[in-house]
Amino acid sequence: MLARRCFSSAAASLPPTIQQLLATPPSAPAAAIQVNGWVKSIRRQKKVAFAVISDGSSEPGLQAVFTDVTLAKHLTNGASVRLSGTLTDSPGAGQAKELRVSEAEVLGGCDPEAYPMQKQALSVEYLRDHCHLRARTREIGAMLRLRDSTTRAIHDYFHNNGFIHVHTPIITSNDCEGAGETFRIAPSSDLSPTTPSPSTTQPEAPSEYFNHPAYLTVSSQLHLEAVAAAISRVYTLSPCFRAERSQTSRHLAEFWMLEAEWAFTSSVADLCALVEGALRHVLRAHASSADMDALWRAKKGPEAERRARLAALADAPQPWARMTYTEAVRVLAEHHAKTGAFVFPPEWGKGLQSEHERWLAEEHVKGPVFVTDYPASLKPFYMRANSPDAGAEEGAPGPTVACFDLLVPGIGELVGGSLREERLELLEAAIERHGLDKADYAWYLDLRKYGGAPHGGFGLGFERLISWMSGIESVRECVAMPRWAGRMLL
């Protein structure tokens, strides 16, 4: 019986989605098929009715034709339906195939008067207020499918380059960036025993669930480094959390990060080359994406031209631009001296503001640019220190670290990475210099004590990548259920 049940489960398959039906129509033209989905639109005439059905699997829906108009009597926008019929060539413009309906069943009705997702244009704020329904819009549906196809392209690229995908902790004991922008977690119930026995002495309840403060992770980097000390090429795509109160279009409290670490690399140029290769691969994979087309379709003028420039980046013959932080500050300062263009005057030793990053990518380079070798004072403790001679050659007035930020038009910073400090004495000094407790990082120091190897890695904001690829202005529309300071939807 068990064997028969297992065989039955293995042989079972789901019916094809609309995307699968349109991509691979039935070999027998008259074969009866069944389609499940939601009504996106309904148009009735005297002798025929037309409906567009979507199950979310593809940008175009499927046109359903009802020569028996009574079958469409109870169909309304938003209703879930099951339709049976035959898939035929469509004589009308706008679609190659259509479903000639012979049977129709309304699975879940939808009052068209009360339905919040009306056909007229809906504002971004309105859709945020109806976050539980906004995946039904064309734009959010296309964005979610773009996230899926981008994820698959990323996995393909890293697997083809010998990386292992690992799952890193969401709960952590440290703030990787040292910026203090973490969410601290605690159990919702009291940790003390519920019914102490009067005849026994109860141990004192711990003040912390883990006997140590615990936080939601801001980065998987340190955990990836531990794994990369044994499995030399690793990466993860996982959620991260940052308790900063920024209200810009580039920030979320909960977001996804692509992070990679690999051993036996000792060149920032190598890091930049792998990041560029990954992004070129992703762009190439979406050269003819229907979802990208849908998201860019409404763009006009210079905005519309960005799509063509994105496509050109995938196969550009020259590597993407590179410049040091020192060089970037110099060109920014020269431009500011001539024009007074910036609110924040560029100065060596200060962080690049968003206005600086975007000007470098959009005006100076007119494309992606890797900015390398930032001042050590601006970066976390784990970044590898450059030799004083290397900084002097560039004219840097202070110590720098072997790192990079990738700046892209329309976004600013998309990726950040560095070589990691593998020299034990220098790492210990950096921990002390940043005012961190060396005991909290004893395990991290062990990675250097016991067979430590040169290594490096990077982190890429996944929502920012989707924004860059799609032209969506805010990262709040680049994830299904966004969270930011002051607001948590659902």
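Trainee: Why is isoleucine 42 called partly exposed?

Mentor: This is a predicted model, and the label rests on a computed relative accessible area of 22% for isoleucine 42. Buried would need a value under 20%, and exposed one over 50%. Since 22% falls in between, isoleucine 42 counts as partly exposed.

Trainee: Where does isoleucine 42 sit, and which residues does it touch?

Mentor: Isoleucine 42 belongs to strand 1, residues 32-44. Leaving out residues up to four places away in sequence, isoleucine 42 touches Phe50, Ala51, Ala72, Leu75 and Asn77. Asparagine 77 is 35 residues along the chain from isoleucine 42, and their C-alpha atoms are separated by 6.7 Å.

Trainee: What makes glutamate 421 buried?

Mentor: The cut-off for buried is under 20% relative accessible area. Glutamate 421 has 2%, so it is buried. You will find this residue in the loop between strand 15 (412-420) and helix 12 (424-433). Beyond its neighbours within four places in sequence, glutamate 421 contacts Tyr382, Met383, Arg384, Ala385, Leu426, Leu427 and Arg448.

Trainee: And why does alanine 480 get the label partly exposed?

Mentor: Its relative accessible area is 26%. That value is not under 20% and not over 50%, so alanine 480 is partly exposed. Alanine 480 is in the loop between helix 14 and strand 17 (483-484). Residues up to four places away aside, alanine 480 touches Cys131, Arg134, Met143 and Leu144. Methionine 143 is 337 residues from alanine 480 in sequence, while the C-alpha atoms of the two are 8.8 Å apart.

Trainee: Methionine 143 is named in a helix contact too. How do you know that helix 4 and helix 14 are roughly perpendicular?

Mentor: Start with the general idea: two packed helices are described by the angle between their axes and the distance between the axes. The axes of helix 4 (residues 138-160) and helix 14 (residues 462-470) come within 11 Å and cross at roughly 110°. Angles of 65 to 115 degrees count as roughly perpendicular, and that is why helix 4 and helix 14 get this description. Their crossing is right-handed.

Trainee: Which residues make that contact, and how do they divide by type?

Mentor: Helix 4 supplies Met143, Leu146, Arg147, Thr150, Thr151 and Ile154, and helix 14 supplies Phe462, Glu463, Leu465, Ile466, Met469 and Ser470. They divide into seven nonpolar, three polar and two charged. As a helpful rule when you look at such a list, an α-helix has 3.6 residues a turn, so residues three or four places apart point the same way.

Trainee: What makes you say the span of helix 4 agrees with expectation?

Mentor: At 1.5 Å a residue, the 23 residues of helix 4 should span 33 Å, and the end C-alpha atoms are 33 Å apart, so the two agree. Just after helix 4, glycine 162 takes a positive phi of about 80°.

Trainee: How does helix 9 do on that check?

Mentor: Helix 9 has 15 residues, 325-339, with an expected span of 21 Å; its end C-alpha atoms are 21 Å apart, which agrees. Glycine 340 follows helix 9, and its phi is positive, near 60°. The buried residues of helix 9 are Tyr325, Thr326, Ala328, Val329, Val331, Leu332 and His336.

Trainee: Why are helix 6 and helix 8 called oblique?

Mentor: The axes of helix 6 (residues 268-285) and helix 8 (residues 302-314) come within 8 Å and cross at roughly 120°. That angle lies outside the 65 to 115 range for roughly perpendicular and is not over 145, the cut-off for roughly antiparallel, so helix 6 is oblique to helix 8. The crossing is left-handed. Arg280, Leu283 and Arg284 of helix 6 meet Leu310, Leu313 and Ala314 of helix 8. By type, this contact has four nonpolar, no polar and two charged residues.

Trainee: What makes helix 5 mostly covered?

Mentor: Six of the eight residues of helix 5 (residues 221-228) are buried, namely Gln221, Leu222, His223, Leu224, Glu225 and Ala228. Among the elements covering them are strand 10 (233-241), strand 11 (254-263) and helix 13 (442-449).

Trainee: And how many residues of the whole chain are buried, as a percentage?

Mentor: Buried residues make up 44% of the 490 residues. The chain has 14 helices and 18 strands.

Conventions: Residues are numbered from 1 along each chain as its sequence is written. This is a predicted model: local features need pLDDT of at least 70, side-chain atom pairs count only at pLDDT 80 or more; totals for chains, interfaces and linings use all residues. Side-chain values use heavy atoms; hydrogens and water are left out. Axes are lines fitted to C-alpha atoms, for helices over the stretch in contact, and angles run from 0 to 180 degrees between N-to-C directions. Helices (H or I, at least four residues) and strands (E, at least two) are DSSP runs, numbered from the N terminus. Angles under 35 degrees count as roughly parallel, over 145 as roughly antiparallel, 65 to 115 as roughly perpendicular and the rest as oblique. A crossing is left-handed if the near helix is turned anticlockwise from the far one by less than a right angle, and right-handed if clockwise. Contact means heavy atoms within 4.5 Å. Ala, Val, Leu, Ile, Met, Phe, Trp, Tyr, Cys and Pro count as nonpolar, Asp, Glu, Lys and Arg as charged, and the others, Gly among them, as polar. The expected span of a helix is 1.5 Å times one less than its number of residues. Buried means under 20% relative accessible area, exposed over 50%, partly exposed in between (1.4 Å probe, protein chains only).
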